[in-house]
Amino acid sequence: MPDTLTEPGAVTDAVSIPLTQLPRGTRARIAGSQHNADDAALLRAMGLKPNAELEVCRMGQPCIVALTGACGGGCRLGLSRELADRVLVHAGA
C-alpha cells in the first residue's frame with residue numbers, strides 16, 4: 001500500500017505533478033509522494049518532505065535536485081528516475 005509524505009500544513013490547494021515532469025532550472029515545492037513506507041521515510045530523512053523547496057538541476061537518470069530551503073541551500077540529491085517519478089510537486093515555489 002502506498003505511503004504519502006503528506007503532513008498537516010502541507011500545500012494541497014494546487015495541482016500536484018510528478019517531479020520528472022519539470023524541466024531543468026524549475027523551482028518547486030514538494031506536495032507529497034506515492035512511495036512505500038520505507039522509501040517515504042528515506043526521502044524524508046534526506047530532506048524531501050512536504051513543503052520542502054527544491055530546484056531541478058538535472059533530469060534523467062539520476063534526477064538531481066538542489067534543496068533550496070532545507071540545508072541552507074547547498075544540498076544536492078540524486079534520485080533514481082523511479083523514485084523521482086513518484087515525488088509530487090507544485091511547480092513555481
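Ser-33 is found in strand 2, which covers residues 27-33. With a relative accessibility of 2%, Ser-33 counts as buried, and its side chain makes a polar contact with the side chain of His-35 at 3.0 Å. This residue offers a starting point for a walk through the structure, which is a predicted model.

The overall plan comes next. The secondary structure of the protein comes to 2 helices and 6 strands, and along the sequence these elements follow the pattern β-β-α-β-β-β-α-β. Of the 93 residues, 38% count as buried. Among contacts between residues at least 6 apart in sequence, 65% join residues at least 24 apart. The protein exposes about 4900 Å², and carbon and sulfur atoms supply 50% of that area.

The confidence of the prediction should be kept in mind while reading the model. The average pLDDT of the protein is 83, and 80% of the residues score at least 70. Helix 1 has the lowest confidence, with a mean of 90, while strand 1 has the highest, at 95. Over residues 6-12 the pLDDT stays under 50, and for this stretch the model has 14 contacts beyond four places in sequence.

Before strand 2 comes a loop that links it to strand 1 (17-18), and Thr-20 lies in this loop. Is Thr-20 buried or exposed? Thr-20 is buried because its relative accessible area is 11%, under the 20% limit for a buried residue. Residues from later in the chain are among its surroundings: leaving out residues up to four places away in sequence, Thr-20 touches Met-59, Arg-81, Ala-84 and Asp-85. With Asp-85 there is also a polar contact between the two side chains, at 2.6 Å.

The path then leads past helix 1 (37-45) to the loop between this helix and strand 3, where Asn-51 is found. The phi of Asn-51 is near 75°, a positive value in a residue other than glycine. Asn-51 is partly exposed, with a relative accessible area of 24%.

Strand 3 (residues 53-58) pairs with strand 4 in the antiparallel sense over 4 bridges. The two strands form a hairpin with 4 residues between them, and in this hairpin Gly-60 takes a positive phi near 135°. The loop between strand 3 and strand 4 also holds Pro-62. The peptide bond from Gln-61 to Pro-62 is cis, with omega near 5°.

Strand 4 (residues 63-67) is mostly covered, as 4 of its 5 residues are buried. Besides its pairing with strand 3, strand 4 pairs with strand 5 in the antiparallel sense, over 5 bridges. Val-65 illustrates both pairings. In strand 4, Val-65 is the bridge partner of Val-56; in strand 5, the bridge partner of Val-65 is Leu-77. As a general point, the side chains of a regular strand alternate between the two faces of the sheet.

Strand 5 (residues 75-79) includes Cys-75. Which residues does Cys-75 contact, leaving aside its neighbours within four places in sequence? They are Val-65, Ala-66 and Leu-67. The C-alpha atoms of Cys-75 and Val-65 are separated by 8.4 Å, and the two residues are 10 apart along the chain. Cys-75 is partly exposed because its relative accessible area of 24% lies between the limits of 20% and 50%.

The cysteines raise a further matter. How many disulfides does a search of the whole structure find? The search finds 0 disulfides. A disulfide is a covalent bond between the sulfur atoms of two cysteines. The cysteine sulfur closest to that of Cys-57 belongs to Cys-63, but the distance is 8.7 Å, so the two are too far apart for a bond. Correspondingly, Cys-63 is in no disulfide, the sulfur of Cys-57 being its nearest cysteine sulfur at 8.7 Å. Cys-57 counts as buried at 15% relative accessibility, and Cys-63 is buried as well, with a relative accessible area of 1%.

Definitions and conventions:
Residues numbered from 1 in each chain as written. Heavy atoms only, no water. Buried < 20%, exposed > 50% of the residue type's maximum accessible area, 1.4 Å probe, protein only. Contact = heavy atoms within 4.5 Å. Pairing = 2+ DSSP bridges. Areas by Shrake-Rupley, 256 points an atom, 1.4 Å probe, with all protein chains shown as cover. Polar contact = N/O pair within 3.5 Å; in protein donor to acceptor, adjacent residues only side chain to side chain. pLDDT = per-residue confidence, 0-100. Disulfide = S-S within 2.5 Å.
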